Amino acid sequence: MKFGIIEIGSTNTKAYIYDNEELKNLGKTYIAFKSNFNINNKHLLPSDVEKLDNLIEDLKKDVDKIYAYGTSIFRKLEADELDEFTKRMKDKHDIDFKVVTADEESQYTVDGVIANIDYYEKMAVVIGGGGSTEIAIIENKKVIKKINCDFGAIDITDNFPDLKEDITETSFDEMIDYTLNLIDDIDESVEILVLAGGDYIYFYETVGYEMLPNNIYEDKNQPYIIPFDKANEYDHDILKKSLNAIKEKCPDNESWWDGARGMRFCMNAVARKVDAKYLVPTRINMLIGIANEIKNSLK
C-alpha cells in the first residue's frame, strides 16, 4: 500500500509518502498562503497555487494516488473560491481536496501524540500554525477540553514586523502580553505541554539550544524535553540572536525563519496559560493520524 499525503497550511505545506506501514517525511515547502492572502484582498495568490502545483507534480513521480488537506487559511475562503479551488485540484491533479476543521486538525494531531505513549496524567497538546493555534487538554489519553484560537505565528509576526528583522527591537514583555491577551483563560494546570503541528525540534537544533532526553515517557517521535524556565530563556534569547546569521545556515529554508520568532510567542503564551512545567518539542502533525485513517479505509 503506497500513497501520498499533502497538508496545505497557512505558511508551510508538508508532504509525506505512506509505504508499507512507514510514513516518510518529504519535508516542508514554504508557500506564503496566509501572508499573501491578506495582501491580495483576502484571496489566494495565483503564484502560490502554482507553487503547490509544482509540489504535487513532483510527488506524482513517486505515487499514483495523492490525498490533500487544507488547514486554517482554507477555512477563511469564501465558498465560491473554495469550490473553484477544490474543482481545480480534481480537474488538474485528480485529487479530492478536503478542508479539515480546527477540531479535526486537533484530533488527528493529538492521536499522533498519544497513540504510542504510556502516560495517563493530565497533559496538553498545542498545535501551532501560521493562522491558528489549537490546544487540547488530555487526561487518561482522552481529550477533556479543546480550545481553538484564530491566530498563529504569522499574525504575531504581522503585528510585530521587527520579529523578521535581524535583531528584534520590541520588548519581550510587550509581545508576550499581547499574545496572552489573545487566549482566554484555560483554567487547567499540566506538567507537560507537547508542541505539535510544526518542526519544533528543527528550531532548537538549528539555533543550538539544548534539549534534554524525555525521561517521563518513551516515544520515538517525542525524544526530548525542555523545562519551561529554560525554554523561556531561549525565547528571550532568540530575539537578541542574529536572524540573518541563522538564515545563512539554512539557505534552503530562509523564509521559514521569518515566522519562527512569532511561533515562539504562541507556544510560550500557551505554556503560561496551562502552567506547563515542561515542553516536549516534536515534529508530529495531523498527517500521522490521517495516514492511519486512509490506511484503514483502504483495507
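Let me begin with the sheet, which is open and has seven strands in the order β8-β7-β6-β9-β12-β11-β10, with mixed pairing. At its edges are β8, residues 142–149, and β10, residues 212–213, each of which pairs on one side only. I should say at once that what we are looking at is a predicted model.

As a reminder for anyone new to this, strands of a sheet pair through backbone hydrogen bonds, either parallel or antiparallel. In our case, strand β6, residues 123–128, runs antiparallel to strand β7, residues 133–139, and six bridges join the two; within that pairing, Val125 has Ala136 of β7 as its bridge partner. Towards β9, by contrast, β6 pairs in the parallel sense, over four bridges, and here Val125 stands opposite Val194. The pairing of β9 with β12 is again in the parallel sense over four bridges, with Leu193 and Leu279 of β12 as bridge partners.

Now, is β9 enclosed or not enclosed by the rest of the structure, and why? Five of the five residues of β9 are buried, each with under 20% relative accessible area, so the strand is largely enclosed by the rest of the structure. Both of its faces are covered, with Ile192, Val194 and Ala196 buried on one side, and Leu193 and Leu195 buried on the other.

That brings me to the cores. The largest nonpolar core has 50 residues, and those with the most contacts inside it are Ile135, Leu193, Phe203, Tyr204 and Trp257. Helix α10, residues 260–273, gives the most to this core, with eight residues. The same helix lies across β6, β7, β9 and β12, running at about 155° to β9. If we look at Phe203 and leave aside residues up to four places away in sequence, we find that Phe203 touches Tyr209, Ile238, Trp256, Trp257, Ala260 and Arg264. There is also a second, separate core, of 23 residues, which includes Ile17, Val63, Ile66 and Ile95.

Finally, a pair of helices. Helix α4, residues 102–114, packs against helix α11, residues 286–298, at an angle of about 90°, and their axes are 6 Å apart; the two helices are therefore roughly perpendicular to each other. On the α4 side the contact is made by Glu105, Tyr108, Thr109 and Gly112, and on the α11 side by Met286, Ile288, Gly289, Ile290 and Glu293. By character, the residues of this contact divide into four nonpolar, three polar and two charged.

Technical notes:
Residues are numbered from 1 along each chain as its sequence is written. This is a predicted model: local features need pLDDT of at least 70, side-chain atom pairs count only at pLDDT 80 or more; totals for chains, interfaces and linings use all residues. Side-chain values use heavy atoms; hydrogens and water are left out. A nonpolar core is a set of buried Ala, Val, Leu, Ile, Met, Phe, Trp, Tyr and Cys residues joined through side-chain atoms within 4.5 Å. Buried means under 20% relative accessible area, exposed over 50%, partly exposed in between (1.4 Å probe, protein chains only). Contact means heavy atoms within 4.5 Å. Two strands pair if DSSP finds at least two bridges between them. Axes are lines fitted to C-alpha atoms, for helices over the stretch in contact, and angles run from 0 to 180 degrees between N-to-C directions. Angles under 35 degrees count as roughly parallel, over 145 as roughly antiparallel, 65 to 115 as roughly perpendicular and the rest as oblique. Ala, Val, Leu, Ile, Met, Phe, Trp, Tyr, Cys and Pro count as nonpolar, Asp, Glu, Lys and Arg as charged, and the others, Gly among them, as polar.
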